[in-house]
Amino acid sequence: MKVTLRFFARFRELLGTDIIVEPHDGTRLADLVAEVAQKNTDGYAAIFDEQGAFREFVILMRNKKRVETAEAGTITVTDGDEIAVFPPVAGG
Amino acid sequence: MLSERERERYKRQILLFGNEGQERLKSSHIFIAGAGGLGSPAAIYLAVAGVGEITIVDMDTVDQSNLNRQILHTDRDIGKKKTVSAIAKLREYNPDIIINAIDTTITADNIRGLVGQADGIVDAMDNYPVRYLLNRVALEKKIPFFHGAIRGFYGQATTILPEKTPCLACIFPRAPPKEVFPVVGATPGVIGTIQATEVVKYLTKQGELLAGRLFLWDGLAATSEEIALEKNPACPVCGSGAGTEPPAGMIR
């Protein structure tokens, strides 16, 4: 199966975007994002905290629908999924 | 009624939405929270569009390091209150409208009075705690909340319509960490101008608002994206969670 990971803004700078991965059946959403993010230490640290949990401000979308990051550890990805990960910005 | 002078001044936009649209702008009052990077372009474009009354609030003094982006203020304004500088520029841009510039910090205690009878709130703040306050007051008063935020070359914007769209706390339940954010002036230029466009569209009833949609601008890649937004049924501000403990950083 193929899943596309799209990172935005600062996450894109660190990790690139439109990354196509071929996870095995039953791969959890959180594990997939972590695995891809691990290719860049700063990228991983921007998205995950020291305990490996999503940082609380990170927005996660699956096929344009919001996924609570707390639930991403129990959701499995399916073929054709498009996962978007982005950080809200705060400046004005 | 529009004066002859007004019909001439706004001639090129009356072509878009007619005298009726222009009169709607003239009879409207918009509240702009912040006279910085986003507040500058938003206020300038709303002033020149002929929004009849603009209230802009800021508690800061113009600093040299503001000038790369806060285009309401110029080199000779360094050290002046931003409200003093803002009101002078906006009056020069359009002497036919009412400008109120209030030098204060927006708090949970004063926000309702500050917003008053305004027809909409433009979010030109640089922090989420005050954004959450503005969001809550917009919901209470049932007026639109035009959200914008930026960092570096990146920006985001959405238009929040009470009871119709997700509120700011549905979309961003947790604030990103505080920081001295990097920024190039053109980025708040893009986002503040989108906010002003949304206000004009809302007031003149034109087009499709950015309602229930989050616009994401990536100036570095020169791409924009849009994310469909959904209400959080358990939202502590607009959903069933109202009245429960607010998220961290959210001021009641």
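These legends go with close-up views of aromatic pairs and cavities in a predicted model.

**View 1. An aromatic cluster in chain A.** Searching the whole structure turns up six aromatic pairs over all chains. Here we're looking at Phe48(A) and Phe54(A), whose ring centres are 4.6 Å apart with planes at 35 degrees, so this pair is tilted. Both of these phenylalanines are buried. Add Tyr44(A), and you have one aromatic cluster made of Tyr44(A), Phe48(A) and Phe54(A).

**View 2. An edge-to-face pair in chain B.** Tyr128(B) and Phe172(B) meet edge-to-face, at 5.9 Å centre to centre and 80 degrees between the planes. This pair ties together distant parts of the chain, 44 residues apart: Tyr128(B) belongs to helix H6 (residues 128-141), while Phe172(B) is in the loop between helix H7 (168-171) and helix H8 (186-204). Tyr128(B) has 2% relative accessibility, so it counts as buried; Phe172(B), at 0%, counts as buried too. Tyr128(B) also has the charged end of Arg131(B) sitting over its ring, 5.0 Å from the centre.

**View 3. The largest cavity.** Its volume is about 100 Å³. The lining has 15 residues, and those closest to the cavity centre are Ala9(A), Tyr154(B), Gly155(B), Leu216(B) and Trp217(B). By type, the lining splits into eight nonpolar, four polar and three charged residues.

**View 4. The second largest cavity.** This one has a volume of about 80 Å³. Its lining includes Arg6(A), Lys64(A), Glu82(A), Glu225(B) and Glu226(B). E8(B) gives the largest share of that lining, three residues. Five lining residues are charged, four nonpolar and one polar.

Notes
Residues are numbered from 1 along each chain as its sequence is written. Chains are lettered from A and ligands numbered from 1 in the order in which they are written. This is a predicted model: local features need pLDDT of at least 70, side-chain atom pairs count only at pLDDT 80 or more; totals for chains, interfaces and linings use all residues. Side-chain values use heavy atoms; hydrogens and water are left out. Rings of Phe, Tyr and Trp (its six-membered ring) pair if their centres lie within 6.5 Å; planes under 30 degrees apart count as stacked, over 60 as edge-to-face and the rest as tilted. Buried means under 20% relative accessible area, exposed over 50%, partly exposed in between (1.4 Å probe, protein chains only). Helices (H or I, at least four residues) and strands (E, at least two) are DSSP runs, numbered from the N terminus. A charge sits over a ring if NZ of Lys or CZ of Arg is within 6 Å of the ring centre and within 35 degrees of the ring normal. On a 1 Å grid over the protein atoms alone, a cavity is a set of points where a 1.4 Å probe fits but cannot get out, and a pocket is an open set with protein on both sides within 12 Å along at least five of seven lines; lining residues have an atom within 4 Å of a point. Grid points are joined across faces, edges and corners, and a volume is the space filled by probe spheres set on the points. Ala, Val, Leu, Ile, Met, Phe, Trp, Tyr, Cys and Pro count as nonpolar, Asp, Glu, Lys and Arg as charged, and the others, Gly among them, as polar.
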